[in-house]
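Please examine the sequence and the model below. The paragraphs that follow lead through the fold, one helix in particular, the charged pairs and a part of the surface.

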Amino acid sequence: MSDSSLPPESLPACLTVEEAATLLRVNRKTFYEAVRLGRVPGIIRVGRVIRISREALLAWIQGNGGPALGE
């Protein structure tokens, strides 16, 4: 995602790992590790391609009181 100033609602319904990591302001590798550990909701796998549901990610951000991704 090239413009991080876009409001989350203007993002596509399915985000790339890069877009989701930018939205959460974490490193792409940190995000991949969180996906691998099953800590991120809304993961959609199509073959080897990973997409993340924007709605699930935004709901998780607002209700997440658990540990940070890197912990």
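**A guided reading of the model**

Val46 has its place in strand 2, which spans residues 43-46. The model in which this strand appears is a predicted one.

The overall architecture comes next. The protein chain contains three helices and three strands, and along the sequence these elements follow the pattern β-α-α-β-β-α. The chain has 71 residues, of which 27% are buried. Among contacts with a separation of 6 or more, 48% join residues that lie 24 or more positions apart. The accessible surface of the protein chain amounts to about 4,700 Å², and carbon and sulfur atoms account for 50% of that surface.

The path into helix 2 can be followed from the loop before it. Helix 1 (17-24) and helix 2 (28-36) are joined by a loop in which Arg25 lies. Most residues other than glycine have a negative phi. Arg25, although not a glycine, has a positive phi of about 60°. The relative accessible area of Arg25 is 77%, so this residue is classed as exposed. Further on, at the start of helix 2, a side-chain oxygen of Asn27 comes to within 2.6 Å of the backbone nitrogen of Lys29. At the other end, helix 2 is followed by Gly38, which has a positive phi near 75°.

How are the buried residues of helix 2 arranged around its axis? The residues concerned are Phe31, Ala34 and Val35, which are buried in this helix. They lie on the same side of helix 2 because they cover an arc of only 100° around the axis. An α-helix has 3.6 residues a turn, so residues three or four places apart point the same way. The cover over the buried residues of helix 2 includes helix 1, strand 2 and strand 3 (49-53). Lys29 and Arg36, by contrast, are exposed residues on the face of helix 2 turned away from its buried side.

Tyr32 is also found in helix 2. With a relative accessible area of 37%, Tyr32 is partly exposed. Leaving aside residues up to four places away in sequence, Tyr32 touches Val17 and Ile50. Tyr32 and Val17 are 15 residues apart along the chain, and their C-alpha atoms are separated by 7.4 Å.

The charged pairs can now be taken in turn. The whole structure holds three salt bridges. One of them joins the side chains of Glu18 and Arg28, with an N to O distance of 3.5 Å. Glu18 belongs to helix 1 and Arg28 to helix 2, so this pair ties together parts that are 10 residues apart in sequence. Glu18 counts as partly exposed, at 39% relative accessibility, and Arg28 also counts as partly exposed, at 39% relative accessibility.

Another salt bridge is formed by the side chains of Arg36 and Glu33, at 2.7 Å from N to O. Arg36 and Glu33 are three residues apart in helix 2, so about one helical turn separates them. Arg36 counts as exposed, at 57% relative accessibility, whereas Glu33 counts as partly exposed, at 34% relative accessibility.

The side chains of Arg54 and Glu55 form a further salt bridge, at 2.8 Å from N to O. How accessible is Arg54? Its relative accessibility is 14%, and because residues under 20% relative accessible area are classed as buried, Arg54 counts as buried.

The reading returns to its starting point, Val46 in strand 2. Which nonpolar residues form a patch on the surface with Val46? They are Ile44 and Val49, and the patch of Ile44, Val46 and Val49 has about 230 Å² of accessible area together. Val46 is exposed, with a relative accessible area of 57%. Strand 2 therefore enters the picture in two ways: strand 2 is among the elements that cover the buried residues of helix 2, and strand 2 is the place of Val46, which is an exposed residue.

Technical notes:
Residues are numbered from 1 along each chain as its sequence is written. This is a predicted model: local features need pLDDT of at least 70, side-chain atom pairs count only at pLDDT 80 or more; totals for chains, interfaces and linings use all residues. Side-chain values use heavy atoms; hydrogens and water are left out. Patches are made of residues with over 30% relative accessible area and no salt bridge: like charges are joined within 9 Å, nonpolar side chains (Val, Leu, Ile, Met, Phe, Trp, Tyr) within 5 Å. Accessible areas come from the Shrake-Rupley method with a 1.4 Å probe; for residues, only the protein chains shown count as cover. A salt bridge is a side-chain nitrogen of Lys or Arg within 4 Å of a carboxyl oxygen of Asp or Glu. Helices (H or I, at least four residues) and strands (E, at least two) are DSSP runs, numbered from the N terminus. Buried means under 20% relative accessible area, exposed over 50%, partly exposed in between (1.4 Å probe, protein chains only). Contact means heavy atoms within 4.5 Å. The arc is that of the directions from the helix axis to the C-beta atoms. A polar contact is a pair of N or O atoms within 3.5 Å; within protein, one must be able to donate a hydrogen and the other to accept it, and residues adjacent in sequence count only if both atoms are side-chain atoms.
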